[in-house]
There are 2 protein chains.
Amino acid sequence: MFDTTLAAAGERDWDTGAVEEPVRIATVGCGNYARNVSIPAMAEGAYATPAVVVSGDPDTRASLADEFGVTALDYDAYAAGAATDEYDAVYVATPNRLHLPHAETAADHGKHVICEKPLEATVDRADRLVAACDAADVRLMTAYRMQTDPVVRRVREFVADGGIGDLQRAAGDFTFPVLGGSAGPDQWRLDRRLAGGGALYDVGVYPLNTARFVAGDDPTAVSATVRSPDPAFDEVDQHVDFRVEFGGEDGWVGNFSASFSGHPNTSLELLGSDGRVAVRSAFEPGADREVTVETPDGTLTVAGAGADETVAEFDYFAHAVATDAPIEPDGADGLVGVRTLAAVQEASASGGRVEL
Amino acid sequence: MFDTTLAAAGERDWDTGAVEEPVRIATVGCGNYARNVSIPAMAEGAYATPAVVVSGDPDTRASLADEFGVTALDYDAYAAGAATDEYDAVYVATPNRLHLPHAETAADHGKHVICEKPLEATVDRADRLVAACDAADVRLMTAYRMQTDPVVRRVREFVADGGIGDLQRAAGDFTFPVLGGSAGPDQWRLDRRLAGGGALYDVGVYPLNTARFVAGDDPTAVSATVRSPDPAFDEVDQHVDFRVEFGGEDGWVGNFSASFSGHPNTSLELLGSDGRVAVRSAFEPGADREVTVETPDGTLTVAGAGADETVAEFDYFAHAVATDAPIEPDGADGLVGVRTLAAVQEASASGGRVEL
C-alpha cells in the first residue's frame, strides 16, 4: 500500500548530503514568480543560495539586493561577464523566447544552467540552447518543479513498483486564470512571439511532463483542440485539450488540458490495470496535495501531503552540480517537452494526429 | 451553494404523481443486467411493473416467472403477438444489433418502447428503430439511466443555474472489466457485429451522454484513440479515449474515456469559469455517489448521495407514458448518441477530426 509517512514527510531520495559549499545562483529575469517563489526557495534551501540577480529594472535590483543581500546587475553587465566570480550557476527565468540568449551567455561564462519551462519558445531555439550548454560542458536542468515534488516522486515510485498494475491512462488539468493576478493583459505570457504559446506552454506543460516523469515514457503522437473565445487571448491559446499517446496498442494515453481562465484547478490522475492514483492541488506551487490511492486492498486518502517542491528543485539542481549526479529533467528531457508542445500546436491547427 | 438535502434524498423533479395504474412492461432479452438490475427495479418502482418476460432460454423463463409472477414467452411467441393484452410497453434489453427487430415488433403491437443504450449497433439501424416507433405513434425512450439519477439531475440544475459559471470542459471515464464477471470472453459485448463496438458502445456512452444531458448540448466534432492490446478484444475496442467538441470557440470540450479492462472506475468532472463539480462512482449502478462542489464560496463534499437511478428510470418512463409527459432521452436523443459513437470510430480509424 501507499506509504503515507513518505508522502507526508517530503522524500528527497536523490539527496546524498555530499554538498560542502552551497551553489551560488544568479537569477536572470526577476518577474513575480522568480521574486516571490524561486529566489526565496533558493534562500530557504540547503544547497543553493541566491547570489546575483539580473534585472532591467533599477527598483527591482535595489529591492532584491536589499532583501536577499545579493549583487544586482543589469542585462548588459550580465552579458559582459560582471561578477562571474560571485555565482556558479544561472537560473533563467525570463520570457520563454529570451531563454536562449541568456543560457548562451551563461554557457559562455562557464556557468551551469537551470532554465524555466518550457526550454524555449520554438523547437529550433530549444535545440540551440541545449547545444550551447553541451558545447560549453555545463550542466543544464529544465526547471520542471514537479519532478522534485516529494509527493510526485513517491507516486512515481509507487507506480514503478506496480502499485496500480500497468498504467492504462492519465488525466490532468491545470487551469490558471492568468489575468486574475497583478499582471493584466499586457504581459509576455499573452505574446505569442515571446511565449511560444499560451495556456499550453505556460501550464499545460505540468500535466504533460509530470505524467511523462511518473511513467518514464515519452510521447509518440498527439491531437489537440484549442479555443480562445476571449479577445485578450487573440495571440495564444486560452483553452487547450490535448490527447497524448505514449506507445502503441500496449501503451497508454494521456488526456490533458490547460486554461488561462476559469476556476483555478490542478489535478493529476493515473488509471491502471489494478488501481488508481489521483492527486488534487497537484501542480499548485508549495501547496498541500491531496492524494487518493485505490487498489484492490482498499482506498487511502492522504490530505495535507507534500513539502515545498521549489526548495527541493533548487537543492536538487545544486546537489547535482556539486556532486556531478545525473539530472533527470535535463536538456534532452526539456527538448522532448518543447517538441511535444509544437506537435500539439500543429495538431490543433490541422485537426489531425501528429506523430513524434 | 449545492443543496445537499436534494442530492441525498433523491430528487424526482419530473414526478407529478398522476399515474393511476402501473405501466406493465414486457422485458425482451433477459441477460444478467435485465434480470439482476432492471426487472427488480420495475418491481420496486411505483409506476412500472414487470408483466412479461421474453427469453430464448426455458430455465430463464421458468425462474423469472416464478420470482416475479410474470408471463414468460419465447421470441416466436413475442413476435406472433402472444399476451399483448398483458403489457403496455416493451423494454428491449437484447444485444445492441437486435434492438431494431424487437422494437419494430413492439411498435407493430402498438406498444411503447424503452430501449437499452446504445439504440442500435449502427446509425442506419438506429434511424430505422426511431422511424418505426414514430410511424406507429408509440413513445420511445433511450434507456440512459443516468438521466434519471437524482444526483445527476441535481448537478444539471446546479450547472444550469450558473453554479460553476460557464462550462469550460468536462472529463469522464468508465472502466468496466467486462471479463471479470460471470460472463467470459464468449459474450456478445465482444462481438463487433452484435455490439457495434466495445468499451465505447457499452460504457463510453455514460460519460458522453451524461455530460450531454447535464450541459444540454450536442457534439459538433470528435477525435479518438483506440487501443486493444488483449487478443480477447480483437473485434472491439478495449480502451478508447475520445475528445468531443460541443460548439466552437465559445463552446466546451469533453475528454472522455472507457475501458473493458482495468481497475473499475466511473467518474465525471465539470470545470467551469467559476467552479467545479466532480462525481465519483458516477455511473456505477445503484451506487452511493460522492459529489464535490468547488466554488469561490468554498468546497463541499457530499458522500453517500443518491438513490437507485434504475428504479427512477423505469418510473420516469412509465410516468411519461401514463401522463403523456415529454421524454428527454427520447429517440432523437439516442440517435445523436449513436451518430457520435460512429463518428468516434471513424475518427479513431482515420486519426483525424470528424465533424457531426
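**Cavities, sheets and symmetry in a predicted two-chain model**

Five cavities of 30 Å³ or more turn up in this structure, which is a predicted model. The largest cavity holds about 50 Å³. Its lining is made up of Val152(A), Val155(A), Val214(A), Leu268(A), Val279(A), Ala282(A), Phe283(A) and Arg289(A). Sorted by class, that lining comes out as seven nonpolar residues, no polar ones and one charged.

Open pockets are a separate matter. The second largest pocket takes up about 1200 Å³ of space. It is lined by 46 residues, and the ones closest to its centre are Asn32(A), Tyr33(A), Phe176(A), Arg189(A) and Asp202(A). Four elements of chain A, namely helix H2 (32-44), S7, helix H9 (199-215) and S11, put at least two residues each into this lining. H2(A) has the largest share, with six residues. The class split for the second largest pocket is 18 nonpolar, 17 polar and 11 charged residues.

Now to the sheets. Chain A has an open sheet of nine strands, with mixed pairing, and reading across it gives the order S14-S13-S12-S11-S7-S10-S9-S8-S15. Its edges are strand S14 (298-305) and strand S15 (354-355) of chain A, each paired on one side only. Further in, strand S7 (residues 167-175) and strand S11 (residues 265-272) of chain A run antiparallel and are joined by eight bridges. One residue pair from this stretch is Asp173(A), whose bridge partner in S11(A) is Ser267(A). Helix H11 (residues 331-350) of chain A packs on the sheet, where it touches strand S8 (221-227), strand S9 (239-246) and S15 of chain A. The direction of H11 makes about 60° with that of S8(A).

In chain B, nine strands likewise form an open sheet of mixed pairing, in the order S14-S13-S12-S11-S7-S10-S9-S8-S15. Strand S14 (298-305) and strand S15 (354-355) of chain B sit at the edges with a single partner strand each, so one side of each has no neighbour in the sheet. Eight bridges hold strand S7 (residues 167-175) of chain B against strand S11 (residues 265-272) of chain B in the antiparallel sense. Within that pairing, Thr175(B) lies opposite Asn265(B) in S11(B). Helix H7 (residues 150-160) of chain B packs on this sheet and touches S11, strand S12 (275-280), strand S13 (289-295) and S14 of chain B. The direction of H7 makes about 10° with that of S13(B).

How do the chains relate? Chain A superposes on chain B after a rotation of 180° with 0.0 Å of shift along the axis, at an RMSD of 0.0 Å. The two copies are therefore related as by a two-fold rotation axis. The same surface is used by both copies, as 100% of the contact residues of chain A recur in chain B. Among the residues of chain A, Gly352(A) comes closest to the rotation axis, with its C-alpha at 2.2 Å.

A few backbone details round this off. Lys117(A) and Pro118(A) are joined by a cis peptide bond with omega at about -20°. Pro118(A) belongs to the loop between strand S5 (112-116) and helix H6 (123-136) of chain A. In chain B, a cis peptide bond links Lys117(B) and Pro118(B), with omega at about -15°, and Pro118(B) is in the loop between strand S5 (112-116) and helix H6 (123-136) of chain B. Ser281(A) is not a glycine, yet it has a positive phi of about 50°. Ser281(A) is placed in the loop between strand S12 (275-280) and strand S13 (289-295) of chain A.

Key. Residues numbered from 1 in each chain as written. Chains lettered and ligands numbered in written order. Predicted model: local features only at pLDDT ≥ 70, side-chain atom pairs only at ≥ 80, totals over all residues. Heavy atoms only, no water. Pairing = 2+ DSSP bridges. Contact = heavy atoms within 4.5 Å. Axes fitted to C-alpha atoms, helices over the stretch in contact; angles between N-to-C directions. Least-squares fit on C-alpha atoms with pLDDT ≥ 70 in both. 1 Å grid on protein atoms, 1.4 Å probe; cavity = no way out; pocket = protein on both sides within 12 Å on 5 of 7 lines; lining within 4 Å. Points joined across faces, edges and corners; volume = space filled by probe spheres on them. Nonpolar A, V, L, I, M, F, W, Y, C, P; charged D, E, K, R; others polar.
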